[in-house]
Amino acid sequence: MKSLKNSFDLLEKAKNLIPSLTQTFSRSPYTFVEGTFPIYAKSAKGSHFFDVDDNEYIDYLCGLGPIILGHCYPKVDNSITSQLKNGILFSLPHKLEIDVSEQICDIVPSAEMVKFSKTGSGSATGAVRGARAFTKKDKIAYCGSGGVWHDWYAAIISRNQGVPEFNKDLIYPFDYNDFDGLEYIFEQNKNEIACVFMEPTIFEKPQNNFLEKVKKLTHQNDAVLIYDEIVTGFRFSNGGAQELFGVEPDITVLGKGMANGMPLSAVAGKNEYMKIFDDVFFSTTYAADTLSLAASSATISEFQEKPVVKTIWENGTLLMEGFNKLSSENSLNLSFEGYPVRIKVVGKDNKGNDSILLRSLFIQEMVKKGIFLHPGVEYISFSHTSDDIDSTLQAFADSISVLKKASDENNFESYLEGKPSKPVYSVLKSSIHKPNNS
Ligand SMILES: Cc1ncc(COP(=O)(O)O)c(C=O)c1O
């Protein structure tokens with residue numbers, strides 16, 4: 001790696017201009033190892049990007065997930081530029097809204113109607129509002145230790161300032177695979193739960209028919225099942241995790257993978273639920289911007305025509321298996337877990353506890369060799385090649401001696417050349433509902 005001077009100079013300017021330094025907490029310097037990581041990107045192509053100092057990296061964050069085909073993917077970029085010549089945003093609806101809705105309904109099993117928006121959190125908030133309007137109930141059962149941070153009324157995580165206090169009493173989180181926890185929530189809030197909101201999977205796999213049982217219980221209680229497929233949609237299979245696991249929700253929230261980086265999200269679902277949006281004010285000026293819709297149309301047709309999902313599973317598997325083999329051969333407490341298309345970085349200290357210091361040291365050593373990794377989650381795109389995977393594994397092999405020394409000495413700090421990564425948010429533990437800690 002050459003210098004990072006231009007990145008650091010820009011950061012000094014941003015300190016006076018931009019609260020939290022960036023627009024997205026997950027992109028902030030604190031997320032990575034500040035001091036050893038680039039801070040500003042300049043350009044990208046395929047599976048690689050360049051920072052403002054012209055250092056080149058293999059990109060395993062893919063713009064926080066949306067770059068599913070690869071950066072500057074010609075078919076998508078051509079679709080955007082040809083639409084650009086005809087106008088961006090009109091005073092009337094545009095045919096592309098119908099075309100992309102049809103494409104989504106063709107490939108997402110539970111989709112019969114579609115409403116577009118610009119951000120995943122906007123669509124998640126809209127879906128919850130629709131479910132509340134449909135059921136005329138207010139409370140939400142939220143699954144997953146991720147917290148409801150994707151809803152604008154995220155009350156149960158850190159960084160929840162500005163959310164009215166009463167909102168906390170409306171959100172009932174339960175753990176993934178904890179069916180008893182959900183049963184308990186329904187028992188304690190009879191006829192009050194509007195919806196169960198969940199990612200069909202994050203990293204943990206569903207056990208004991210968890211997804212089927214959640215669906216049944218939700219419907220027995222006249223609540224709406226909402227899947228947040230912002231990450232899993234178009235990535236776990238063309239039709240998302242609902243297709244992979246064979247369980248259809250009532251409403252699905254889509255985002256990241258649908259337009260290869262252009263800002264587009266959607267709420268899709270069965271007619272009976274979606275009709276509620278005839279009245280609910282889920283409406284925004286830019287939802288119909290045709291550049292994003294043109295990008296989405298091209299992206300989805302690429303999923304239909306090429307083995308996109310199959311390829312990212314295959315390359316992700318090569319990466320995961322190669323990584324875990326090297327790590328265990330060298331007795332490192334580091335592993336890649338979860339799914340090949342959504343990899344979780346696990347690093348533990350010698351007592352078996354999560355070690356952010358080990359994970360920080362790992363990504364520090366990798367970034368110095370041109371491999372850009374996140375300390376918690378990695379994504380792979382259709383443009384990543386087996387050469388990229390080989391280079392990544394080679395970089396890991398070359399990092400092992402430092403990682404091993406630091407682990408054996410149980411002293412990661414002295415090998416860290418910057419500040420260790422800080423979590424973007426944490427779930428307020430007291431908010432998780434379980435029969436035994438109520
Ligand atoms: C599972 C999930 N849902 C929703 C969101 C929110 O999407 P956006 O950042 O587009 O608002 C994210 C963002 O990372 C996410 O990972």
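The exercises below work through a predicted model of one protein, from its overall build to single residues.

Residues are numbered from 1 along each chain as its sequence is written, and side-chain values use heavy atoms, with hydrogens and water left out. Because the model is predicted, local features need pLDDT of at least 70 and side-chain atom pairs count only at pLDDT 80 or more, while totals for chains, interfaces and linings use all residues.

**Exercise 1. Describe the overall build of the protein.**

Begin with the secondary structure: the protein has 12 helices and 14 strands, where helices (H or I, at least four residues) and strands (E, at least two) are DSSP runs numbered from the N terminus. The radius of gyration is 22 Å, close to the 22 Å that the globule rule gives for 438 residues, so the protein is as compact as a globular protein of that length. Here the radius is taken over C-alpha atoms, and the rule is 2.2 Å times the number of residues to the power 0.38. Along the principal axes, the C-alpha atoms fill a box of roughly 60 × 60 × 45 Å.

Next, turn to burial and contacts. Of the 438 residues, 56% count as buried, which is to say under 20% relative accessible area with a 1.4 Å probe, protein chains only. Taking contact to mean heavy atoms within 4.5 Å, one finds that, among contacts between residues at least 6 apart in sequence, 75% join residues at least 24 apart.

**Exercise 2. Explain why Cys143 and Cys195 form no disulfide with each other.**

First recall that a disulfide is a pair of cysteine sulfur atoms within 2.5 Å. The sulfur of Cys143 has its closest cysteine sulfur in Cys195, and because the distance is 12 Å, this is too far for a bond. Both residues are nonetheless buried, Cys143 with a relative accessible area of 2% and Cys195 with 0%. The structure as a whole holds zero disulfides.

**Exercise 3. Find which residues of helix 5 are buried, and what covers them.**

Helix 5 spans residues 179–188, and its buried residues are Phe179, Gly181, Leu182, Tyr184, Ile185 and Phe186. Their cover includes strand 5 (139–143), strand 6 (171–174), strand 7 (193–198) and helix 6 (210–220).

**Exercise 4. Locate two residues, other than glycine, that have a positive phi.**

Start with Cys62, whose phi is near 50 degrees. Cys62 sits in the loop between strand 3 (56–59) and helix 2 (74–84), and it is buried, with a relative accessible area of 2%. Continue with Phe234, which has a positive phi of about 65 degrees. The loop that holds Phe234 runs between strand 8 (224–228) and helix 7 (241–245), and at 1% relative accessibility Phe234 counts as buried.

**Exercise 5. Describe the surroundings of Glu34 and Val253.**

Glu34 lies in the loop between helix 1 (5–15) and strand 1 (41–45), where it is buried, with a relative accessible area of 17%. Leaving aside neighbours within four places in sequence, Glu34 is in contact with Leu11, Pro29, Gly418 and Lys419.

Val253, by contrast, belongs to strand 9 (residues 251–254), and its relative accessible area is 0%, which makes it buried. With neighbours within four places in sequence again left aside, the contacts of Val253 include Gly120, Ser123, Phe197, Ile226 and Ala266. As a last step, compare sequence with space: Val253 and Pro340 are 87 residues apart in sequence and 22 Å apart in space, C-alpha to C-alpha.

Technical notes
Buried < 20%, exposed > 50% of the residue type's maximum accessible area, 1.4 Å probe, protein only.
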